[in-house]
Amino acid sequence: MVKAYDEVPREDTGNVDIDEWVRELCIAHEELDADEICKACRFVHGLPRGVAYLDNGVALAQLVAELKMDTASVLAALVYRPLREQAASEKDIVRKLGSETAHIVGAVVRMATTSLLEMSNTPMQTSEARDQVENVRRMLVSLIDDARVAVLKLAERVIALRAAKNSSHERKKRIAQEVNLIFAPLANRLGIWRLKWELEDLALRYLQPDVYMQIAKQLDGRRAERESQVQEIVSLIEAKLLKAGIDAVVSGRAKNIFSIWRKMRAKNIGLDEVYDVRAFRVLVPDIAHCYATLGVIHTQWQHIPTEFDDYITVPKENGYRSIHTAVMGADGRTLEVQIRTHAMHEESELGVCAHWSYKDTANEDEPYTQKMNWLRQVVEWHEETQEFALGGGDVLNEELRNRIQEERIFVYTPKGHVLDLTTGATPLDFAYRVHTEIGHRCRGARVDGETVPLNIPLATGQCVEIITGEEQQPLRSWLEPYLGYARTARAREKIQSWFRGEGYENGRRTGENLLLELTDRLGLDFPDEESLHTAATHLGFESAERFLYAYGVGDCHSLDVVDAMYPSHENVHQLDLLTTVDDRETQSRRTYRVEVTAEDRVGLLRDITVILSDLHTPLVSNTGWLDPLTGRAEIGLELQIQNLHGLASVIEHLRHIEGVLAAKRIVG
């Protein structure tokens with residue numbers, strides 16, 4: 001376990017004795033780089049509030065080192081708190097300790113746990129739940145890239161739980177619920193039982209203190225008696241195995257309190273009936289000795305057939321291997337015995353940490369390869385959360401699993417970095433997710449090497465490459481919701497912020513120009529002052545100028561403007577009017593003539609007809625020709641559309657087909 005506060009080497013001032021602590025750490029863990037760890041400690045100590053940060057960092061680093069993590073992970077543990085509290089930046093860490101450390105600690109900080117469960121403000125429940133689930137998804141995606149990130153986060157939660165003992169009841173409950181829903185199941189999945197047990201026990205202590213203290217008191221009350229009995233049985237097992245020629249290390253252990261409570265609850269039994277409160281572990285050199293030991297144990301005591309599991313022949317999903325058996329002791333009470341090799345024991349305590357081999361993947365052993373194959377598919381993880389829910393967590397678990405499965409997609413940059421987006425997000429959303437400047441300069445995209453429109457929905461597993469121009473110039477049409485370019489709030493906010501940054505007068509002029517272009521495409525006259533004022537009032541603006549500014553910066557959209565400006569479909573040319581009768585219903589439609597000008601290319605007419613089909617717009621007829629001077633295609637369309645709203649929508653969609661230069665209504 002982590003050293004207690006008073007056991008950490010300290011100077012007369014009470015501060016951590018950096019040199020002595022690092023010396024002791026590196027004696028215990030020879031693979032660590034003492035110079036780098038000293039450098040990190042002095043970097044943290046020199047920060048504002050550095051003494052407090054170093055105390056926290058030493059506790060976390062000690063635990064990470066005992067999990068047999070590498071030097072970069074220990075360094076990340078030391079600088080986690082100052083980075084989390086913005087006392088240091090990732091650039092500072094890169095400069096002082098290298099990019100590898102900065103990558104690990106940066107990823108852990110980005111997993112900050114906004115509570116899924118502390119939802120006292122009802123209107124915020126949905127957004128708070130979504131925030132937490134997105135954090136879980138980030139954790140799982142980071143886990144695919146580098147499992148050290150998840151291990152460090154689990155260790156950080158252990159330290160946080162220990163430190164929470166003096167916190168408010170609400171805080172203890174919140175972080176304990178997070179542990180039960182997310183972190184303890186993940187520790188189980190990774191096979192890091194060393195962390196899993198402590199996470200579970202501390203969470204139970206905060207969530208159900210009466211239950212925890214009752215079990216702890218019963219265990220403590222019989223501690224001397226139990227320890228005496230355990231030592232007698234340990235000595236007996238050692239003697240029997242030695243006689244059989246088996247070199248073994250035997251120990252008695254107390255099952256963790258959460259496991260005892262869970263078994264008592266599941267079987268509705270008392271503490272005396274829990275088989276493995278008295279439990280023993282036997283470590284032997286190899287698998288052959290595991291089964292030989294099993295024979296000795298079953299010869300000495302009566303075996304309970306229903307309490308036998310061979311996880312060596314059939315390992316658990318997380319890679320755990322051991323033989324579990326239960327026998328009836330001389331006093332008529334049940335004993336649990338676990339039998340495993342020394343290597344299996346290290347794996348059971350440390351899980352994926354026991355197989356760290358970042359430097360030479362060519363020499364990975366098979367169990368580690370299997371674990372890493374699982375890690376690459378870990379986004380499908382969700383099953384364990386249900387079992388660990390306490391205090392009404394079932395509904396939240398269901399929400400968590402549903403959102404994990406349905407609300408996010410994961411796409412890759414060409415360099416292999418994984419980014420998460422909401423379902424339905426587009427390449428333009430991806431560009432703004434990478435960086436605001438990339439979004440502003442976005443001019444096109446390739447998905448899995450193929451050029452695609454910027455408004456096509458992305459899917460998990462795709463590789464997205466953004467094509468950029470030299471200047472930042474977002475397009476106002478990206479904000480039109482019916483075109484589907486920017487579907488995430490982040491992208492829309494960034495685009496609108498850019499247009500607002502151009503100033504009020506520029507925004508008003510942009511709105512005026514947009515309205516002029518819109519009316520021209522629809523074959524209508526530009527509205528007079530009275531019509532502008534009427535439209536502004538209809539849309540909730542105090543003046544025509546405020547309306548034009550709002551239109552320019554994207555606070556209102558083209559189809560809304562059409563509806564407000566022409567509510568009675570005024571100024572529609574009488575020759576356009578045609579009534580059509582459908583077999584199912586009678587409805588008024590108008591035949592509009594639209595002309596499309598485009599660069600000639602194969603598939604142009606097909607793309608036009610696809611758009612019309614998607615918009616449920618009947619095509620009465622079409623004509624086409626090439627302009628002999630420009631070589632451009634001129635396509636005439638006769639379309640049946642109910643109103644100006646529908647016409648505006650069709651024209652806007654046609655304008656955004658690849659190669660289309662213009663699309664407008666022809667009157668007369």
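**Nonpolar cores and a three-stranded sheet**

Apart from neighbours within four places in sequence, leucine 654 is in contact with Val594, Val596, Ile608, Ile611, Leu637, Val660 and Ala663. This picture comes from a predicted model, and leucine 654 makes a good starting point for a tour of the interior. The residue belongs to the largest nonpolar core, which has 71 residues. Within this core, Leu654 is one of five residues that touch the most other members, together with Leu515, Phe547, Val596 and Ile608. Helix 23, spanning residues 544-553, supplies the largest share of the core, with seven residues. A second core, separate from this one, holds 70 residues, among them Val8, Ala61, Ala88 and Leu181. Such grouping fits a broader pattern: in soluble globular proteins, nonpolar side chains tend to be buried together.

Attention now turns to a small piece of strand architecture. An open sheet is built from three strands in the order 9-8-10, with antiparallel pairing. Strand 9 (450-452) and strand 10 (464-468) form the edges, each pairing on one side only. From one strand to the next, the twist averages 35°.

The pairings can be followed residue by residue. Strand 8 (residues 442-447) is joined to strand 9 by three bridges, and one bridge links valine 447 with glutamate 450 of strand 9. These two strands form a hairpin with two residues between them. In the turn, aspartate 448 has a positive phi of about 50°. Towards the other edge strand, strand 8 pairs with strand 10 over five bridges, again in the antiparallel sense. Here alanine 445 has isoleucine 466, in strand 10, as its bridge partner.

Terms used
Residues numbered from 1 in each chain as written. Predicted model: local features only at pLDDT ≥ 70, side-chain atom pairs only at ≥ 80, totals over all residues. Heavy atoms only, no water. Core = buried A, V, L, I, M, F, W, Y, C linked by side-chain atoms within 4.5 Å. Buried < 20%, exposed > 50% of the residue type's maximum accessible area, 1.4 Å probe, protein only. Helix = DSSP H or I, 4+ residues; strand = E, 2+ residues; numbered from the N terminus. Contact = heavy atoms within 4.5 Å. Pairing = 2+ DSSP bridges. Axes fitted to C-alpha atoms, helices over the stretch in contact; angles between N-to-C directions.
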